[in-house]
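Please open the structure in a viewer and keep the sequence panel at hand. The tour below proceeds by selections, each followed by a description of what is found there.

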Amino acid sequence: PYLSAGGREPTSLARLARAAGFDTAFVHPFHRDFFQRAAVMRAFGFERLVMEEEFAGAPRVGPYVDDRAFGRRILAEVAAARGPLFLFGVTMENHGPWKPGRLPGLDDPLAQYLHHVVHTGEMVEELVRGLAGRRATLCVFGDHAPALPTCRPGFGDTATDYAIFRF
């Protein structure tokens, strides 16, 4: 959203989904005001925002909500939907900074990053299992390369890898 016009675009996936009769939800376990995220997501057309305050009791790994707990919340949102749902979720567990003391026994930034990547993979596996048998599409992607000097994927621009699962 921050490489765009901040919600002032002529259209967005959320607005298109709403026009097609979908409920729209944005799920992100972090401060709603950080980078004006709540205002931007509402401008994009998300009706419901599930933000940090709704993850108050969720387990954390390091300073942020565990990706696996995040995935379980996504599945709960899907289960509670009363009709078609367009849900966009942004995880936080593997967000930097990666500094000594973040994780017990792991001070190397790359080791911390990879520790969190395992949880992200487990979350995706849980989402795939949880969506099996439903009429659903799951798209997962990373929005940027990690800010680690020893981890420099060759994206070269704003492109990122993604995977699409259809159920």
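Across which strands does H3 lie, and at about what angle does H3 run to E5? Helix H3 lies across E1, E2 and E5, and its direction makes an angle of about 165° with E5. The model on display is a predicted one.

**The sheet**

Select the strands E1, E2 and E5. These three strands form an open sheet with parallel pairing, in the order E2-E1-E5. At the edges are E2 (48–50) and E5 (85–89), each of which pairs on one side only. From one strand to the next, the twist averages 20°.

Next, restrict the selection to E1, residues 23–27, and E2. Three bridges connect this parallel pair. Within the pair, Phe26 is placed opposite Leu49 of E2.

**Helix H2 and its buried side**

Now select H2, residues 37–44. This helix lies across E1 and E2 and runs at about 145° to E2. Display the side chains of Arg37, Ala38, Val40, Met41 and Phe44, which are buried in H2. Because these residues cover an arc of only 165° around the axis, they are on the same side of H2. The partners against which the buried residues of H2 pack are helix H1 (13–19), E1 and E2.

Move one step past the end of the helix. Gly45, just after H2, takes a positive phi of about 110°.

Then add Thr11 to the view. Thr11 belongs to the segment before H1. With a relative accessible area of 40%, Thr11 is partly exposed. The C-alpha atoms of Thr11 and Phe44 are separated by 7.7 Å, although the two residues are 33 residues apart along the chain.

**The nonpolar cores**

Select Val27, Phe55 and Phe70. These residues have the most contacts inside the largest nonpolar core, which has 14 residues. At least two residues of this core come from each of the helices H3 (67–80) and H4 (109–131). H4 provides four residues, the largest share of the core.

Which residues does Phe55 touch, leaving aside those up to four places away in sequence? Centre the view on Phe55: its contacts are Val27, His28, Pro29, Val50, Val65, Phe70 and Arg73. A second core, separate from the one just described, has nine residues, among them Val40, Phe44, Leu49 and Met51. Two of these names have appeared earlier on the tour: Phe44 is buried in H2, and Leu49 is the residue in E2 that faces Phe26.

**The aromatic rings**

Display the aromatic side chains. The structure holds nine aromatic pairs. A pair of aromatic rings is described by the distance of the centres and the angle of the planes.

Begin with Phe26 and Phe46. Their ring centres are 5.8 Å apart and their planes stand at 50°, so this pair is tilted. Phe26 lies in strand E1 and Phe46 in the loop between H2 and E2, so the pair ties together parts of the chain that are 20 residues apart in sequence. Are these two residues buried or exposed? Phe26 counts as buried because its relative accessibility is 0%. Phe46, at 6% relative accessibility, also counts as buried.

Continue from Phe46 to Phe86. These two residues form a stacked aromatic pair, with 5.9 Å from centre to centre and 20° between the planes. This pair links distant parts of the chain, 40 residues apart: Phe46 is in the loop between H2 and E2, and Phe86 is in strand E5. To see the wider group, select Phe26, Phe46, Phe86, Phe88 and Phe141, which form one aromatic cluster.

**Two loop positions**

Select Asp66, which is located in the loop between strand E4 (64–65) and H3. Its relative accessible area is 5%, so Asp66 is buried. Leaving aside residues up to four places away in sequence, Asp66 touches Pro59, Arg60, Val61 and Glu93.

For the final stop, select Gly96 and Pro97. What kind of peptide bond joins Gly96 and Pro97? The bond is cis, with omega at about 5°. Pro97 is situated in the loop between E5 and H4.

Key
Residues numbered from 1 in each chain as written. Predicted model: local features only at pLDDT ≥ 70, side-chain atom pairs only at ≥ 80, totals over all residues. Heavy atoms only, no water. Core = buried A, V, L, I, M, F, W, Y, C linked by side-chain atoms within 4.5 Å. Buried < 20%, exposed > 50% of the residue type's maximum accessible area, 1.4 Å probe, protein only. Contact = heavy atoms within 4.5 Å. Pairing = 2+ DSSP bridges. Axes fitted to C-alpha atoms, helices over the stretch in contact; angles between N-to-C directions. Arc of directions from axis to C-beta. Phe/Tyr/Trp six-rings, centres within 6.5 Å; stacked < 30°, edge-to-face > 60°.
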